[in-house]
Amino acid sequence: MAIRADSKKMRFARRLAIALLTLQPLLAKAQGYTARPQERVREALPAAAGVASAPLTNLPARKRHSLNGKWQVLVDPYASGIGDWKAVWKDRTAESKTEFYEYGFDDTITLDVPGDFNTQRRDLTWLEGSVWYRKAFRYELGEGRRLFVHFGGANYRADVFLNGKKLGSHEGGFTPFQFELTDLLQDGENRLLVHVNNDRRKDGVPAQGFDWFNYGGLTRDVDLVETPRSYIQDYSIQLAPDSLQHVDGWVKVAGGTPRQQVTVRVPELKVDVRTQTDADGYARVRFDAQFALWSPEQPKLYRIEVSTRDEALEEDIGFRSLAVRGDEILLNGKPLFLRGVNLHEEIDGRRAHSEADAKRLLEQARQLGANFVRLAHYPHNEHLVRLADRMGLLLWQEIPVYQGIDFADAGMQAKLETMLAEMVGRDRNRAAVALWGIANETSPNPQRDTALSALAQHARRLDPTRLVSAALYAPGFDAHTLTVADPLVASLDVVGVNEYFGWYTPWPVEPEQAVWKPFGKPLLISEFGAEARYGNHGADDVASGWNEEFQAEFYRKQLRMLERIPFLRGVVPWVLMDFRSPVRIHPFQAGYNRKGLLSERGERKLAWQIIRDYYVEAKL
Ligand code: GCU
């Protein structure tokens, strides 16, 4: 009766197998219900099949197909789609009567790309979680050609898939990234799927606490970019440090053979340089020319042509020299004073992303009389940086190393260096970018000091042509004296200090009695400001009035101190325009930080005129 015994055993085995098969999705489902421990978002995804590569630069000059527009989306607040239960990234559709998948995409639920997801639908206003974006496209790629998908930015983490295969992931909400699609394209329809998660993370950059709105999503342009098999990946065509006519740059060719000819031309100056790539694809480019130097007064740009046998790219580049001499900042060898203003990447209560947005924001800075804009607290979109080149506005660009960074985290240094490299890589040919900011208000301690000192050196290796800065906490008063004692000063070219004397801390002395102790380097007051709700008026000495008169008096008092600092090389009021911040909850704030010289609608507060007059009349 062995058979029967077998059949009994077999029946038990079969029942067990069915139970396990049924149980498995339920187990996965149970996992899918659990709250989203951050490491799960990382580990649950399949290994990457695609090839991440250093982002292509100078996209405007390349063969591009924009993927901007409406993308199908699936809102996934708990990131439940990542795990094996749903595995949304497989992008499957039922093919039999018994199959079903608890996800789906169609054109009835879409979001605009670029654009944050929080402000496109009321139910997403406060979302900190996951949204799946899906875009189908067809692409005929010719023989010997390559195709990349390039993202201008996605906040905070993105996982990218093509036709159900993972291309890779990117962390960081404000720098470009790309993946190669060449060998993964299929005939007919291709389906690009992007999981974007904007959780704030303990090991994030920024970390979990910051004073701006955590806009999530595909917040910047998305493009398909086609290149030849061997393509010009990146180049630096800039004046050598301390020179006003010598260019010492390089061109990086990817996918090529050594000793490829590279030509760099500046037709207006009759420059025509021929050079060759080395074994790593780098070609050194050196030449001299009598440039009309770029400056805020004369933002001269030259048409540059970079070409190889397979490709030719053009770009407008400005040539100028930045240096520090003692406690002075020199632009083209002459002392420079930075009439600045701070700016968040926000307009009309949403994440700014377009050329039109950039024009509105920088035009406001221009009307204030500024020659300098600090792009707080993260790299802004490329449209704005390129526009600053054309308008003649100097920029401070920074990575979001903001209060609360976990410098003890084992992966932090690599993350900081990657973000810095992505920021520098994108904008290394922009004359407007003068300063690379490596931190904002980080408290001195051995791990932070070591990390940021190394980061400053890394910035100089990446780009020796610009100055390295950071915005430090303000020192406390010792009687009348203010001493900047942060160890990081030794690693910086220009020292930024954020001080709010007269707002967060009442003046302990009269402003003109304050004495700043020199430290042998240029000082920028990188933030100073007070809050007022536009249209609200009252006593100029009552901080809790949230009125314009108080804010204006704040600036009058500040200038009485600032005008007496002999090594002050720039001032940067915090902030051009009121901006959204969920930590600003007073009724007059109503979710906005109201230190703007302008309201969020661009209305000028009384304080605006104080700064405008200072910038115009002081002939700085
Ligand atoms: C800090 C910080 C800003 C913040 C500002 C403020 O200095 O750098 O991000 O918005 O103060 O308190 O308004």
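User: How many residue pairs are in polar contact between domain 2 and domain 3?

Analyst: Nine residue pairs are in polar contact between domain 2 and domain 3, with both residues of each pair at pLDDT 80 or more. Keep in mind that this is a predicted model. On the domain 2 side that touches domain 3, S18 gives the most, with three residues.

User: And what makes Arg386 and Glu315 a salt bridge?

Analyst: Their closest N and O atoms are 2.8 Å apart. The cut-off for a Lys or Arg side-chain nitrogen and an Asp or Glu carboxyl oxygen is within 4 Å, so a pair at 2.8 Å qualifies. The rule finds two salt bridges across the interface of domain 2 and domain 3.

User: Where do the domains start and stop?

Analyst: Domain 1 covers 2-228, domain 2 covers 236-320 and domain 3 covers 323-619.

User: How do you know that domain 2 and domain 3 touch, and how far apart are their centres?

Analyst: Taken over C-alpha atoms, the centres are 32 Å apart. For touching, look at the residues: 19 in domain 2 are in contact with 21 in domain 3. Contact here needs heavy atoms within 4.5 Å, so those residues meet the test. The two domains also bury about 1,600 Å² between them, with 55% of that on carbon and sulfur atoms. In domain 2, Trp294, Pro296 and Arg320 lose the most area to domain 3, and together they make up 37% of what that side buries.

User: Back to S18. Which strands share its sheet, and why is the sheet called open?

Analyst: The sheet has four strands in the order S15-S14-S17-S18, with antiparallel pairing. Strand S15 (271-276) and strand S18 (312-317) are at the edges with a single partner strand each, so one side of each has no neighbour in the sheet. On average, neighbouring strands here are turned by 20° against each other, direction ignored.

User: What makes S17 and S18 a pair?

Analyst: Strand S17 (residues 302-307) and S18 run antiparallel and are joined by six bridges. Pairing asks for at least two bridges, so six will do. One of the matches is Val306, whose bridge partner in S18 is Leu313. S17 and S18 also form a hairpin, with four residues between them.

User: How do you know that S14 pairs with S17?

Analyst: By that count again: three bridges join strand S14 (residues 261-266) to S17, and the cut-off is at least two, so they pair. The two strands run antiparallel, and Thr263 has Ser307 as its bridge partner in S17.

User: There's a sheet with the order S29-S30-S32; what kind of pairing does it have?

Analyst: This open sheet of three strands has mixed pairing. Strand S29 (477-478) and strand S32 (515-516) are its edge strands, each pairing on one side only. Strand S30 (residues 481-482) pairs with S32 in the parallel sense over two bridges. At least two bridges are needed, so two is enough for this pair. Within it, Leu482 stands opposite Trp516 in S32.

User: Now some backbone oddities. What is omega for the bond from Asn155 to Tyr156, and for the one from Val205 to Pro206?

Analyst: For Asn155 to Tyr156, omega is near 15° and the bond is cis. Tyr156 is in the loop between strand S6 (145-151) and strand S7 (157-162). The bond from Val205 to Pro206 is cis too, with omega near 10°. Pro206 is in the loop between strand S10 (190-197) and strand S11 (222-228).

User: And what makes Asn332 worth listing here?

Analyst: Asn332 has a positive phi, near 55°, and is not a glycine. Most residues other than glycine have a negative phi, and most peptide bonds are trans. As for location, Asn332 is in the loop between strand S20 (328-331) and strand S21 (334-335).

Conventions:
Residues numbered from 1 in each chain as written. Predicted model: local features only at pLDDT ≥ 70, side-chain atom pairs only at ≥ 80, totals over all residues. Heavy atoms only, no water. Axes fitted to C-alpha atoms, helices over the stretch in contact; angles between N-to-C directions. Domains from an automatic or database assignment. Buried area = accessible area lost by both parts, 1.4 Å probe. Polar contact = N/O pair within 3.5 Å; in protein donor to acceptor, adjacent residues only side chain to side chain.
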